[in-house]
Amino acid sequence: MKTFAVGIGCFLGFILAVALFVTMFADDHAEAAPAPAGGALRGGKGGVPGRYKDLIYDAAECKNGQRLPAPVLAAQLRQESGFNPRAGSDKGAQGIAQFVPGTWASRGIDGDGDGDRDVWDPKDAIPAQGAFMCSLLTMAKKHPQYDGSPTELALAGYNAGWGAVAKYGGVPPYRETQNYVRAITAGAKDLTAADVGGSAGTGTWVRPVDAKLGTPYHASGAAWSSGYHTGVDFAAASGTTVRAVGPGRVVAAGDGGAYGNQIVIRHSDGMHSQYGHLSAVTVRPGQTVRGGAAIGRSGQTGNAYGPHLHFEIRTTAAYGSDIAPLPYLRKHGLQIG
């Protein structure tokens, strides 16, 4: 398992991080929503290098339906190696994520599909780091009785091993582990961008399409595999421009099965908007979009009984994580319905 070592230079940085943490930790501890923040990564001086942003975003999209805030993963990488893919330590830790050989043997991933698992390659190491943290987050959410938020418990498990978390029913009373949890939590706040997209994005939130509402959220019926409508429909004619409701990053664009052509956008609070049955898709995965940016055109592809836009708000990118979309949009100043 990895260890948390702090040099003199890093120690001064840690003191500043703790000061920041003292003022912010109380809000994160309960974690009714993901903590410490959504998924927008801050670039620039002291931020996340641009060449690693997409790798971190993708690694934070857990394959098991959980949601890992991308800034948490970024803060770990900065803490472990300073984003240096050639970093090593006298304890045998290697690469940007500082895996020790034993952990890499069981947790290593061939992230770029080139046939090997190279701990020195960020395209392998960052997905491995994300998968490890996602598995710990899943474990943490199975134990709501433990003392600590799921994110804190996952970080503690990463540093000290899940056995220590289970033994103490929460973040273990190890100074090293408690310091690690605090430093990463504060670091994640520091690496969270004020808004997705920087100069390319705006905080604007808009209606997804200029059309009246149709079928409401949670309408019941046999037309839907879940037994109810997982979003809201807008009665838009085919070819009507569809816009991103807010700034974010495209995580899916293309064939969505029963949804036909679809787009899914992750927003800075970690929530996702989904647009289905499109006749045209004009964005690509990984692209950053402004609020109000044209992303496609409405249609009736997939399982649709006439042209319209199917719109969802989800807690993850995956089907089945839907929440009521209109209250979410109202929180962003939109009066719909």
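**Strand 8 and a helix crossing**

Modeller: Ile313 sits opposite Ile323 in strand 9. Bear in mind that this is a predicted model.

Biologist: What makes strand 8 and strand 9 a pair?

Modeller: Pairing takes at least two DSSP bridges. Strand 8 and strand 9 (residues 322-323) are joined by 2 bridges, so they qualify, and they run antiparallel.

Biologist: Which other strands pair with strand 8, and how do you know that they do?

Modeller: Strand 1 (residues 232-234) is joined to strand 8 by 3 bridges, again antiparallel, with Val232 opposite Phe311. Strand 5 (residues 272-281) has 5 bridges to strand 8, also in the antiparallel sense, and there Ser273 faces Ile313. Set against the requirement of at least two bridges, 3 and 5 both pass, so strand 1 and strand 5 each pair with strand 8.

Biologist: Why is strand 8 called largely enclosed?

Modeller: A residue counts as buried under 20% relative accessible area. In strand 8 (residues 309-314), 6 of the 6 residues are buried, so the rest of the structure largely encloses this strand.

Biologist: How do you know that both faces of strand 8 are covered?

Modeller: In a regular strand, side chains alternate between the two faces of the sheet. Here Leu309, Phe311 and Ile313 lie on one side, with His310, Glu312 and Arg314 on the other, and all of them are buried.

Biologist: And how much of the protein as a whole counts as buried?

Modeller: For the 337 residues of the protein, the figure is 50%. The protein exposes about 14,700 Å², with carbon and sulfur atoms supplying 53% of that area.

Biologist: Let's turn to the helices. Why is helix 2 called oblique to helix 3?

Modeller: The axes of helix 2 (residues 50-60) and helix 3 (residues 70-81) cross at roughly 120 degrees. Roughly perpendicular covers 65 to 115 degrees and roughly antiparallel starts over 145, so helix 2 ends up oblique to helix 3. The crossing is right-handed, and the axes come within 8 Å.

Biologist: Which residues of helix 2 and helix 3 meet, and what makes that a contact?

Modeller: Contact means heavy atoms within 4.5 Å. Ile56, Tyr57, Ala59 and Ala60 from helix 2 meet Ala70, Leu73, Ala74 and Leu77 from helix 3.

Biologist: How many helices and strands does the protein have?

Modeller: There are 9 helices and 9 strands. As for contacts between residues at least 6 apart in sequence, 60% join residues at least 24 apart.

Notes. Residues numbered from 1 in each chain as written. Predicted model: local features only at pLDDT ≥ 70, side-chain atom pairs only at ≥ 80, totals over all residues. Heavy atoms only, no water. Buried < 20%, exposed > 50% of the residue type's maximum accessible area, 1.4 Å probe, protein only. Helix = DSSP H or I, 4+ residues; strand = E, 2+ residues; numbered from the N terminus. Areas by Shrake-Rupley, 256 points an atom, 1.4 Å probe, with all protein chains shown as cover. Axes fitted to C-alpha atoms, helices over the stretch in contact; angles between N-to-C directions. Parallel < 35°, antiparallel > 145°, perpendicular 65-115°, else oblique. Left-handed = near helix turned anticlockwise from the far one by under 90°.
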